[in-house]
Amino acid sequence: MEISLTVNGEPVTRDVEARLLLVHLLRDELGLTGTHWGCDTSNCGTCVVLYDDEPVKSCTVLAAMASGHDVRTVESLEWEGELDPVQQGFMECHGLQCGFCTSGMLMTARALLDRDPDPSEATIREAISGQICRCTGYASIVRSVQWAAAHPEGKRS
Ligand code: FES
Ligand code: FES
């Protein structure tokens, strides 16, 4: 079946199998491997992308369901050579170790700050509660999001 959607601002049309998952469309068809694929059972959250500006686990969405919608992946965060403040925050506050969970965490953080620029620690923890990090213990991830909230223009603010 033919699907048409927007991925990172670019129109995409593909002929796909009806069973193809969005995570596989992104990674295998479009080469956007920044979105990771972990559990495939909607548990780990490493596959989170923005779907019409809402964070979703892309292993739970069929590519066909995304037709007509807007998808953003971690590759869209950097803009004209400058990292998004959430990426800068993860660098400043050591919000990652192995990095496997990081792209999903970044997209959830971006969505959170877009709707709540000054979230409480509890709100940040709730926002990332559907995502698993086996390395950091989460404290540095929370600090990273807080750094981004305090620096909405990144290091320039
Ligand atoms: S791969 Fe999607 S939640 Fe784990
Ligand atoms: S940094 Fe390794 S799983 Fe989160």
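Trainee: I'm starting with helix H2. What does the cover over its buried residues include?
Mentor: Bear in mind that this is a predicted model: local features need pLDDT of at least 70, side-chain atom pairs count only at pLDDT 80 or more, and totals for chains, interfaces and linings use all residues. Residues are numbered from 1 along each chain as its sequence is written, while chains are lettered from A and ligands numbered from 1 in the order in which they are written. In H2, the buried residues (20 or more other C-beta atoms within 10 Å of their own, the C-beta atoms being placed from the backbone) are Pro85, Val86, Gln87, Gly89 and Phe90. What covers them includes H3 and H5.

Trainee: Gln88 isn't on that list. Is Gln88 buried, partly exposed or exposed?
Mentor: Gln88 does sit in H2, where helices (H or I, at least four residues) and strands (E, at least two) are DSSP runs, numbered from the N terminus. A residue with 12 or fewer neighbours would be exposed, and anything between that and the buried cut-off of 20 is partly exposed. Gln88 has 19 C-beta neighbours inside 10 Å, so it counts as partly exposed.

Trainee: And which residues is Gln88 in contact with, leaving aside neighbours within four places in sequence?
Mentor: Contact here means C-beta atoms, placed from the backbone, that lie within 7 Å. One partner, Ala148, is 60 residues away along the chain, yet the two C-alpha atoms are separated by 7.3 Å. The full set is Leu83, Ala148, His151, Gly154 and Lys155.

Trainee: Let's go to the sheet. In what order do its strands come?
Mentor: Strands count as paired if DSSP finds at least two bridges between them. S1 (residues 2-7) and S2 are antiparallel over 6 bridges, whereas S1 and S5 (residues 70-72) are parallel over 2 bridges. The sheet is open and its pairing is mixed, with the 5 strands in the order S2-S1-S5-S3-S4.

Trainee: Which strands stand at the edges?
Mentor: An edge strand here has a single partner, so one side is left without a neighbour in the sheet. The strands in that position are S2 and S4.

Trainee: How many residues of S2 are buried?
Mentor: S2 covers residues 10-15 and is hardly covered. It forms a hairpin with S1, with 2 residues between them, and Asn8 in the turn has a positive phi of about 50°. Among the 6 residues of S2, the count of buried ones is 0.

Trainee: Which residues of S1 point to the buried face?
Mentor: Side chains along S1 alternate, and Glu2, Ser4 and Thr6 point to the face where they are not buried. Thr6 stands opposite Pro11 in S2 and has Asp70 as its bridge partner in S5. Pointing to the other face, and buried, are Ile3, Leu5 and Val7.

Trainee: Now for the core. Which residues touch the most other members of the largest nonpolar core?
Mentor: A nonpolar core is a set of buried Ala, Val, Leu, Ile, Met, Phe, Trp, Tyr and Cys residues joined through C-beta atoms within 7 Å. The largest one has 42 residues. Touching the most other members are Val49, Leu106, Ala109 and Val145.

Trainee: Which element gives this core its largest share?
Mentor: Several elements give two or more residues, including S1, S3, H2 and H5. The largest share is 7 residues, and it comes from H3.

Trainee: How is the chain divided, and how far apart are the centres of domain 1 and domain 2?
Mentor: The bounds come from an automatic or database domain assignment, giving domain 1 (2-76) and domain 2 (85-156). Taken over C-alpha atoms, the separation of their centres is 21 Å.

Trainee: How many residues does each domain put into the contact, and which strand supplies the largest share on the side of domain 1?
Mentor: The contact takes 16 residues from domain 1 and 12 residues from domain 2. Strands S3 (48-51) and S4 (54-57) each supply at least two residues of the side of domain 1 that touches domain 2. The largest share of that side, 3 residues, comes from S3.

How values were computed
Two residues are in contact if their C-beta atoms, placed from the backbone, lie within 7 Å.
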